[in-house]
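Biologist: Hey, got a few minutes to go through a structure with me? I'd like to ask about side chains and how they pair up.

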Amino acid sequence: MKDPSLRRSVALFRGFLREPSDPGGFYALLARDAADQVERYEPLAGRVVADVGGGGGHFTEEFRRRGAHGYLFEPDPRELTATRPPPEGAVLADGYLLPLADGAADICFCSNVLEHVEDPGTFLSELVRVTRPGGLIYVSFTNWLSPWGGHEWAPWHYLGADRARRRHERRTGRPAKHVLGDNLFRVHIGPTLRQVRARDDVAVLSARARYWPFLPELVTRVPLLREFATWNLLLILRRCP
């Protein structure tokens, strides 16, 4: 699907709404879309791709289908097997300390992980370390003030994280998957962009709203508005020589 386009955005949103009943279908769709985005900057065929925090491995499998040497690194064993067996060669690994040599990957891919780490700057430095000079780094995250910032207890996080989590647990009768300050953190667009642009080891090729149907880079340039309207920030970075 053309990116950006209204058709693409509608298809992704419909897939997202079906995610509770059909997670495999949604993540397969999302993986195809992400692979298309990567290939706008770097061909996948023959490349070594490190998929960091890729859950059950849908992204890794899509990269492999396109001819890449894809490797999954996931810290949570529950995520690896949540919906199906993980892809062959999946590795349990901490994203702060990946078991890879410096510059081992042509492409480092990290989708919707940054809001789940306490120290995004250190985490990003590890992604940069394992990417070869001139290689590509794909990072996306859901920002805290977006309508989905509270994840399964959104949008009630606007009224307070604890209140939103308790409401979710009352309504569903089960503990919430995410707890603020434990496995979910407040990450904002403005500070993240300033931190990334201040680095001397990466060049920012694109900073855009990942799912927007039009002018996806424009919304990220407007202070305050971007914190609510971006929904999910996508950064495409090039490792400096």
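Biologist: Let's begin with rings: how many aromatic pairs does a search of the whole structure find?

Modeller: The search finds 13 aromatic pairs. Rings of Phe, Tyr and Trp (its six-membered ring) pair if their centres lie within 6.5 Å, and planes under 30 degrees apart count as stacked, over 60 as edge-to-face and the rest as tilted. One of them is Phe16 with Phe26, edge-to-face, at 6.1 Å centre to centre and with 65 degrees between the planes. A heads-up on the source: this is a predicted model, where local features need pLDDT of at least 70 and side-chain atom pairs count only at pLDDT 80 or more, while totals for chains, interfaces and linings use all residues. Residues are numbered from 1 along each chain as its sequence is written, and side-chain values use heavy atoms, with hydrogens and water left out.

Biologist: Good to know. Which helices do Phe16 and Phe26 lie in?

Modeller: Phe16 lies in helix α1 and Phe26 in helix α2, so the pair ties together parts that are 10 residues apart in sequence. Helices (H or I, at least four residues) and strands (E, at least two) are DSSP runs, numbered from the N terminus.

Biologist: And is Phe26 buried or exposed?

Modeller: Phe26 is buried, at 8% relative accessible area, whereas Phe16 is partly exposed at 31%. The cut-offs: buried means under 20% relative accessible area, exposed over 50%, and partly exposed in between (1.4 Å probe, protein chains only).

Biologist: What about the tryptophans, how do Trp148 and Trp231 pair?

Modeller: Trp148 and Trp231 are edge-to-face too, with 5.9 Å centre to centre and 75 degrees between the planes. That pair links distant parts of the chain, 83 residues apart: Trp148 is in the loop between β5 (131-142) and α6, and Trp231 is in the loop between α8 (225-229) and β7 (232-239). Both rings belong to residues that are partly exposed, Trp148 at 29% and Trp231 at 31%.

Biologist: Which residues do the ring pairs link into a cluster?

Modeller: The cluster holds Phe13, Phe16, Phe26, Tyr27, Trp148 and Trp231.

Biologist: OK, switching to charges. How many salt bridges does the count come to?

Modeller: The count is 20 salt bridges, where a salt bridge is a side-chain nitrogen of Lys or Arg within 4 Å of a carboxyl oxygen of Asp or Glu. Arg8 and Asp33 make one, with their closest N and O atoms 2.7 Å apart. Here Arg8 sits in helix α1 (residues 6-17) and Asp33 in helix α2 (residues 23-39), 25 residues apart.

Biologist: Is Arg8 buried or exposed?

Modeller: Buried, with Arg8 at 0% relative accessibility. Its partner Asp33 is buried as well, at 5%.

Biologist: Which residues are in a network with those two?

Modeller: Salt bridges link Asp3, Arg8, Asp33, Arg40 and Arg208 in a network.

Biologist: Got another bridge for me, say what Glu39 pairs with?

Modeller: Glu39 bridges to Arg66, and their closest N and O atoms are 3.0 Å apart. Glu39 lies in helix α2 and Arg66 in the loop between α3 (58-65) and β2 (69-74), so the bridge ties together parts 27 residues apart in sequence. Glu39 counts as partly exposed at 35%, and Arg66 does at 21%. There's also Lys177 with Glu79, where the closest N and O atoms are 2.8 Å apart. Lys177 is in the loop between α6 (161-172) and α7 (189-197) and Glu79 in helix α4 (residues 77-80), 98 residues apart.

Biologist: Now cysteines. How many disulfides does the search find?

Modeller: It finds 0 disulfides in the whole structure, a disulfide being a pair of cysteine sulfur atoms within 2.5 Å.

Biologist: Why is there no bond at Cys108?

Modeller: Because the closest cysteine sulfur, in Cys110, is 6.9 Å from the sulfur of Cys108, too far for a bond. Cys240 is in no disulfide either, and its nearest cysteine sulfur, that of Cys108, is 15 Å away. Cys108 is buried at 0% relative accessibility, while Cys240 is partly exposed at 23%.

Biologist: Last one: what is Ala31 in contact with?

Modeller: Leaving aside neighbours within four places in sequence, Ala31 is in contact with His58, Phe59 and Glu62, contact meaning heavy atoms within 4.5 Å. Ala31 is in helix α2 and counts as buried at 0% relative accessibility.
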